[in-house]
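Me: I would like to go through a protein structure with you, step by step. Could you take my questions as they come?

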Amino acid sequence: MAEYKKPEMLTDTPLHYCPGCTHGIVHRLIAEAAEEVGASKDAIGIAPVGCAVFAYNYFKCDMLQAAHGRAPAVATGVRRARPDNLIFVYQGDGDLASIGMAETVHAATRGENITVIFINNGIYGMTGGQMAPTTLPGQKTTTSQSGRDVKTHGNPIKICELLSTLDGPCYIARTSMHDVKHIKETKAAIVKAFKKQRENKGFSLIEILSTCPTNFHLSPKASLDYIRDVGIKHYPLGVFKEI
């Protein structure tokens with residue numbers, strides 16, 4: 001029987017995330033995927049601003065802290081300077097799809113050989129639970145207390161569908177963290193993205209539907225059920241582009 005161990009790429013630093021948040025699990029998946037493709041020694045990560053702002057504390061690899069939304073631009077510079085390293089970008093929905101939308105779209109359309117791990121929990125988690133570009137219709141937040149009204153606030157942005165129309169990306173996929181089966185599928189998608197980067201195929205992005213029990217005002221289990229029963233209806237899972 002195989003022994004279940006902490007990946008060597010992760011530090012022993014206790015996670016700062018709220019109970020029930022899946023950021024920590026995704027960190028593990030990234031570490032496992034990097035080790036699986038033989039890149040744990042030469043990986044370079046770009047940390048965001050948001051709930052994962054301290055991501056650099058958890059990985060035993062070189063990490064850079066980008067200004068809010070600028071992680072793909074920073075990763076572009078790192079890629080140009082370090083063409084042989086594995087470059088991964090870690091961002092939340094406010095960081096990537098709001099203030100960082102331009103950086104995301106332009107890095108994708110240029111086909112930058114980087115991998116973006118996009119955590120979509122549909123809300124601004126760190127700053128108080130405000131409505132995000134990905135907040136679902138009807139979802140209540142501190143700035144949409146009656147629920148998101150698409151007539152007033154617009155529709156949620158579907159990043160995978162948007163980026164898959166561009167010529168630059170080689171792999172665009174959406175997965176979920178709401179149960180073990182889908183956690184395994186998320187890891188498989190990250191591994192595939194890393195392999196494509198190793199093959200110099202270009203830009204890849206894995207959008208991961210995640211939870212925010214604190215700002216959902218739900219228990220950890222109910223938050224997972226919400227992703228399964230509501231989130232996936234608006235954000236269907238699957239591969240949107242693969243080359």
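Reply: The conversation below treats the sheet, the cores, the cysteines and a few single residues of this predicted model.

Me: Let us begin with the sheet. What is the order of its strands?

Reply: The order is S2-S1-S3-S4-S8-S7-S9, in an open sheet of seven strands with mixed pairing. In general, strands of a sheet pair through backbone hydrogen bonds, and the pairing is either parallel or antiparallel.

Me: Which strands stand at the edges?

Reply: Strand S2 (62-65) and strand S9 (238-242) take those places. Each has a single partner strand, so one side of each has no neighbour in the sheet. From one strand to the next, the twist averages 15 degrees.

Me: How many bridges join S7 to S8, and are the two parallel or antiparallel?

Reply: Strand S7 (residues 169-176) is joined to S8 by seven bridges, and the two run parallel. One of the residues involved is Pro-169, whose bridge partner in S8 is Phe-203.

Me: Which strands does helix H2 lie across?

Reply: Helix H2 (residues 71-81) lies across strand S1 (43-47), S2 and strand S3 (86-92). The helix runs at about 175 degrees to S3.

Me: Turning to the interior, how many residues does the largest nonpolar core have?

Reply: That core has 37 residues. Among those with the most contacts inside it are Phe-59, Ile-117, Phe-194 and Ile-206. The elements giving two or more residues to this core are helix H1 (23-36), S1, S3, strand S4 (115-120), S7, H7 and S8. As a general tendency, nonpolar side chains in soluble globular proteins are buried together.

Me: What does Phe-194 touch?

Reply: Apart from neighbours within four places in sequence, Phe-194 is in contact with Ile-30, Ala-33, Ala-34, Val-37, Leu-86, Phe-88 and Thr-115. There is also a second, separate core of 23 residues, which includes Ala-66, Ala-97, Ile-172 and Leu-205.

Me: New topic. How many disulfides are there?

Reply: The count comes to zero.

Me: Why is Cys-170 not bonded to Cys-160?

Reply: The sulfur of Cys-160 is the closest cysteine sulfur to that of Cys-170, but the two are 13 Å apart, which is too far for a bond. Cys-170 is also buried, with 0% relative accessibility.

Me: And Cys-212? Which cysteine has the nearest sulfur?

Reply: The nearest sulfur belongs to Cys-51, 5.9 Å away, and Cys-212 is in no disulfide. A disulfide would need the two sulfur atoms within 2.5 Å. Cys-212 counts as buried, at 10% relative accessibility.

Me: What about the loops? Where is Asn-200?

Reply: Asn-200 is in the loop between helix H7 (180-198) and strand S8 (203-209). Its phi is near 60 degrees, a positive value in a residue other than glycine. Asn-200 is exposed, at 58% relative accessibility.

Me: And His-217, is that residue buried or exposed?

Reply: His-217 is exposed, with a relative accessible area of 67%. The residue lies in the loop between helix H8 (213-216) and helix H9 (220-234). His-217 is not a glycine, yet it has a positive phi of about 60 degrees.

Me: One last item. Where is Thr-11, and what does it touch?

Reply: Thr-11 is in the segment before H1. Its side chain makes a polar contact with the side chain of Thr-13, at 3.2 Å. Leaving out residues up to four places away in sequence, Thr-11 touches Lys-6, Asn-57, Tyr-58, Phe-59 and Lys-60.

Technical notes
Residues are numbered from 1 along each chain as its sequence is written. This is a predicted model: local features need pLDDT of at least 70, side-chain atom pairs count only at pLDDT 80 or more; totals for chains, interfaces and linings use all residues. Side-chain values use heavy atoms; hydrogens and water are left out. Helices (H or I, at least four residues) and strands (E, at least two) are DSSP runs, numbered from the N terminus. Buried means under 20% relative accessible area, exposed over 50%, partly exposed in between (1.4 Å probe, protein chains only). Two strands pair if DSSP finds at least two bridges between them. Axes are lines fitted to C-alpha atoms, for helices over the stretch in contact, and angles run from 0 to 180 degrees between N-to-C directions. Contact means heavy atoms within 4.5 Å. A nonpolar core is a set of buried Ala, Val, Leu, Ile, Met, Phe, Trp, Tyr and Cys residues joined through side-chain atoms within 4.5 Å. A polar contact is a pair of N or O atoms within 3.5 Å; within protein, one must be able to donate a hydrogen and the other to accept it, and residues adjacent in sequence count only if both atoms are side-chain atoms.
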